[in-house]
Amino acid sequence: MQFDIIEKGQYTVIQINEARFDARLAPSFREELEQIKGNIRDHLVLDLSAVRFMDSSGLGAVMGAYKMLRNTKISIVNPQKPILDLLKLTRMDKLILSHPTIEDALATTA
């Protein structure tokens, strides 16, 4: 399975279980998000622990989630260094904060 979706309290966690978040995965991520957007809680946490590579399609999918869920807080958890560098380079790190663990992300709204 490419995604695991965990709903817990006021949080929805989407774990991306692929090493590459690219043009092959981005469309299914968008479809999945579109299907569950009505059920997403106050805080969406994107767990990128397994993702080792992200291209502009993956970045666009994350930005699409940000735009689609305007009233929902979005956090990224455990991005690997190349992903973190990409987020900083594109300044998306200013819009979507990154945290080392899910617990750290959840603590920001607790």
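A polar contact is a pair of N or O atoms within 3.5 Å. Threonine 12 offers a case: its side chain reaches the backbone nitrogen of arginine 41 at 3.0 Å. The model is predicted. An open sheet of five strands runs through this briefing, along with a nonpolar core of 27 residues and a cluster of three named aromatic residues, Phe3, Phe21 and Phe29.

**The sheet**
- The strand order is S1-S2-S4-S6-S7, and the pairing is mixed.
- S1 and strand S7 (97-99) are the edge strands, and each pairs on one side only.
- From one strand to the next, the twist averages 25°.
- Strand S6 (residues 73-77) pairs with S7 in the parallel sense, over three bridges.
- Opposite isoleucine 76 stands serine 98 in S7.
- H1 packs on the sheet and touches S1, S2 and strand S4 (43-47).
- The direction of H1 makes about 25° with that of S1.

**Threonine 12**
- Threonine 12 sits in strand S2 (residues 11-16).
- Is threonine 12 buried or exposed? Threonine 12 counts as buried because its relative accessibility is 0%, and the cut-off for buried is under 20%.
- Its contacts, leaving out residues up to four places away in sequence, include Ile5, Ile6 and Glu7.
- Threonine 12 also touches Asn39, Ile40, Arg41, His43, Leu44 and Val45.

**Aromatic pairs**
- How many aromatic pairs does the structure hold? The structure holds two.
- Phenylalanine 3 and phenylalanine 29 form a tilted pair, 5.8 Å centre to centre with 55° between the planes.
- Phenylalanine 3 lies in strand S1 (residues 3-8) and phenylalanine 29 in helix H1 (residues 26-36), so this pair ties together parts that are 26 residues apart in sequence.
- Phenylalanine 3 and phenylalanine 29 are both buried.
- Phenylalanine 21 and phenylalanine 29 form an edge-to-face pair, 5.2 Å centre to centre with 65° between the planes.
- The edge-to-face label applies because planes over 60 degrees apart count that way.
- Phenylalanine 21 is buried too, like phenylalanine 29.
- Phe3, Phe21 and Phe29 make up one aromatic cluster.

**Nonpolar cores**
- In soluble globular proteins, nonpolar side chains tend to be buried together.
- Which residues touch the most other members of the largest nonpolar core? They are Ile14, Ile16, Phe21 and Phe29, in a core of 27 residues.
- S2, H1, S4, helix H2 (56-68), S6 and helix H3 (81-89) each give two or more residues to this core.
- H2 supplies the largest share, five residues.
- Isoleucine 14 touches Phe3, Asp4, Ile5, Phe29, Leu33 and Ile36, among others, with residues up to four places away in sequence not counted.
- Leu44, Val45, Leu46 and Asp47 are also among the contacts of isoleucine 14.
- A second, separate core has six residues, including Val45, Val77, Ala105 and Leu106.

**Glutamate 34**
- Glutamate 34 lies in helix H1.
- Glutamate 34 is partly exposed because its relative accessible area is 43%, and that class runs between 20% and 50%.
- The side chains of glutamate 34 and lysine 37 are joined by a polar contact of 2.9 Å.
- Glutamate 34 and glycine 58 are 24 residues apart in sequence. In space they are 15 Å apart, C-alpha to C-alpha.

Definitions and conventions:
Residues are numbered from 1 along each chain as its sequence is written. This is a predicted model: local features need pLDDT of at least 70, side-chain atom pairs count only at pLDDT 80 or more; totals for chains, interfaces and linings use all residues. Side-chain values use heavy atoms; hydrogens and water are left out. Helices (H or I, at least four residues) and strands (E, at least two) are DSSP runs, numbered from the N terminus. Buried means under 20% relative accessible area, exposed over 50%, partly exposed in between (1.4 Å probe, protein chains only). A polar contact is a pair of N or O atoms within 3.5 Å; within protein, one must be able to donate a hydrogen and the other to accept it, and residues adjacent in sequence count only if both atoms are side-chain atoms. Contact means heavy atoms within 4.5 Å. Rings of Phe, Tyr and Trp (its six-membered ring) pair if their centres lie within 6.5 Å; planes under 30 degrees apart count as stacked, over 60 as edge-to-face and the rest as tilted. Two strands pair if DSSP finds at least two bridges between them. Axes are lines fitted to C-alpha atoms, for helices over the stretch in contact, and angles run from 0 to 180 degrees between N-to-C directions. A nonpolar core is a set of buried Ala, Val, Leu, Ile, Met, Phe, Trp, Tyr and Cys residues joined through side-chain atoms within 4.5 Å.
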